[in-house]
Amino acid sequence: MNITRENINELNATITVTIEKSDYEAEVKNILTDYRKKANMPGFRPGKVPAGLVKKMYGKAVLADEVNKLLGKSLSDYIVKEELEVLGDPMPNDEKQKTIDFDTDENFEFVFDIGIAPALDVKLDKRKKINYYNISVSEEMIDEQIGSYTKHFGTNEPADVSEEKDTLRGDFTQLDAEGNPLEEGITTEATVIAIDVVKDEAIQKEMIGKKAGDIIVFDPVKAYDNKHEVGHMLNVSHEEAENIEGNFSFTITEVLRFQEAEVNEEMFKKAFGEDTEIKTVEDFREKIKGQIEESLVHSSNYKFNVDCREYMLDKIKMDLPEEFLKRWLKYSNKELTDEQLENEFDPFLNDLRWQLIKGRIAKDNEVKVDEADMLDYAKKMAASQFAQYGMNNMPEEQLENYAGYILKEEKERANIVNAVQEEKVVDVIKEKVSVEEKEITHEEFTKMLEN
């Protein structure tokens, strides 16, 4: 086995791997011997198939497999030993690579192109100032969040006469052309209709001012202008819904009006658990303010992360092996078109530059990501996901179990490692540059992100 490297420039090199007969011969022989012991062929007793026949049948495949194993391991070991920071993956050199023939060749030579990451010197100092925006919580934001709670815990209550925002519960009966119940037609019970969802204005107007016991006759397809939605409402298949036409009678059994929940101790318990210490509206508003502030910290950190990235990309200039990277992207993604490559290449380069800068800062400052870091991040993800469904204050054990489930997914785990490392790298940047905190309203912050 022989491995050599030819440096073309600081960013590109070729690696030549020569695998000789002595490198693979013994292992190939052992594998074929094992095949012979297990071979079961007509005309031969088990284990007595001639060695030449076994070699003729399996020798080429075994040789190719063993050579490829040796090639992959030797190339990987060499890159690690030489401490080469390669970009992408080694790729066959189209010009220098000779044709490989496993039928006749005994020695094999493989030539690869590699892209090499540039050497970086990342210096951070207090002369650079980066703004950190503290977003203030307005009374309007608190009111809006309270409105979300009152709607979430609201209920539908019976009403006497229907209004535009009400819901009707009733029974559908399909009618024939003369307006009589259609024999073997579609019927439903306790179907719910939200009046303000009906698209046809005339039908919607007819539903207003009605009470329990009233009957409305209308064409549901005309009412909703969507056969799929009608099929779902009438609980029939998609195929049946396509054939629905004509009028139905709808007998109202109940008029329901949505009532938002009252802001009181009962709602506080629903929102934050029976053991909540929130007893007054003032406590409730203060709790919500804290929740909003916590969520806005994520927005502030996001903006600061973006600004750190932009600052570092502007400060640290680097060349990359662009032609190699274009080849590698096309090679690793066969469906990537030239137009897509052209449009996406610059953003890809910036992402790669940021990854290299983060890696350099992490190495220089001994930034490590351990299991505890990943578990903590995954628990925050879990808590955030539960909160989206109104499930706050989840038990620690449940958060930890769900976090463990997240970390079992290889892709999620890799994303979390990257996210935690970025958080820690940004913390390093935050320590070593001058951070100027600025108060800003949510409206101002939103406009800033839009620009």
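This is a conversation between a trainee and a mentor about reading a predicted model.

Trainee: Let's begin with sheets. In what order do the 4 strands of the open sheet lie?

Mentor: A general idea helps here: strands of a sheet pair through backbone hydrogen bonds, either parallel or antiparallel. In this model, which is a prediction, the order across the open sheet is β1-β2-β4-β3, with antiparallel pairing. β1 (2-7) and β3 (86-92) stand at the edges with a single partner strand each, so one side of each has no neighbour in the sheet. From one strand to the next, the twist averages 20°.

Trainee: How many bridges join β3 to β4?

Mentor: There are 4 bridges between β3 and β4 (residues 108-116). To find your place on screen, look for L87, which stands opposite G115 in β4.

Trainee: Which helix lies across this sheet's strands β1, β2, β3 and β4?

Mentor: That is α2 (residues 51-81), which runs at about 135° to β2 (12-19). A good residue to click on in helix α2 is L63. L63 is buried, with a relative accessible area of 10%. Beyond four places away in sequence, L63 touches Y24, V28, F102 and F108.

Trainee: Now to β10. Which strands pair with β10, and in what sense?

Mentor: Take the partners one by one. Strand β6 (residues 155-158) pairs with β10 (residues 248-259) in the antiparallel sense over 4 bridges, and E157 has R257 as its bridge partner. Strand β7 (residues 167-174) is joined to β10 by 8 bridges, again antiparallel, with F172 opposite F250. Strand β9 (residues 215-218) is also antiparallel to β10, through 4 bridges, and there V217 stands opposite S249.

Trainee: How should I read a helix such as α8? Which of its residues are buried?

Mentor: Start with burial, then look down the axis. In α8 (residues 265-272), the buried residues are M267, F268, A271 and F272. Seen down the axis of α8, these buried residues fall within an arc of 110°, so they line one face of the helix. Their cover includes α3 (139-152) and α9 (281-315).

Trainee: What happens at the two ends of α8?

Mentor: At its start, a side-chain oxygen of N264 comes to within 3.2 Å of the backbone nitrogen of E266. Just after α8, G273 has a positive phi of about 95°.

Trainee: Next, the nonpolar cores. Which residues of the largest core touch the most other members?

Mentor: That core has 36 residues, and the ones touching the most other members are M312, L320, L325, L356, I357, I361 and I429. At least two residues come from each of β3, β5 (129-135), α9, α10 (322-332), α11 (338-364) and α14 (410-432). Helix α11 gives the most, with 9 residues. Follow I429 to see how such contacts spread: setting aside residues up to four places away in sequence, I429 touches L124, I130, C308, M312, W354 and I361. Another core, of 27 residues, lies apart from the largest one, and its members include A64, V67, L71 and F110.

Trainee: I also noticed K358 in α11. Is K358 buried or exposed?

Mentor: K358 is buried, with a relative accessible area of 0%. Leaving aside neighbours within four places in sequence, K358 is in contact with N418, Q421, E422 and V425.

Trainee: Last topic: backbone angles. What should I look for?

Mentor: Most residues other than glycine have a negative phi, so positive values deserve a look. E83 is one such case: its phi is positive, about 55°, although E83 is not a glycine.

Trainee: Where is E83 found, and is E83 buried or exposed?

Mentor: E83 is in the loop between α2 and β3, and at 72% relative accessibility E83 counts as exposed.

Trainee: What is the phi of A190, and where is its place?

Mentor: The phi of A190 is near 55°, again positive in a residue other than glycine. A190 sits in strand β8 (residues 187-194). With 44% relative accessibility, A190 counts as partly exposed.

Conventions. Residues numbered from 1 in each chain as written. Predicted model: local features only at pLDDT ≥ 70, side-chain atom pairs only at ≥ 80, totals over all residues. Heavy atoms only, no water. Pairing = 2+ DSSP bridges. Axes fitted to C-alpha atoms, helices over the stretch in contact; angles between N-to-C directions. Contact = heavy atoms within 4.5 Å. Buried < 20%, exposed > 50% of the residue type's maximum accessible area, 1.4 Å probe, protein only. Arc of directions from axis to C-beta. Polar contact = N/O pair within 3.5 Å; in protein donor to acceptor, adjacent residues only side chain to side chain. Core = buried A, V, L, I, M, F, W, Y, C linked by side-chain atoms within 4.5 Å.
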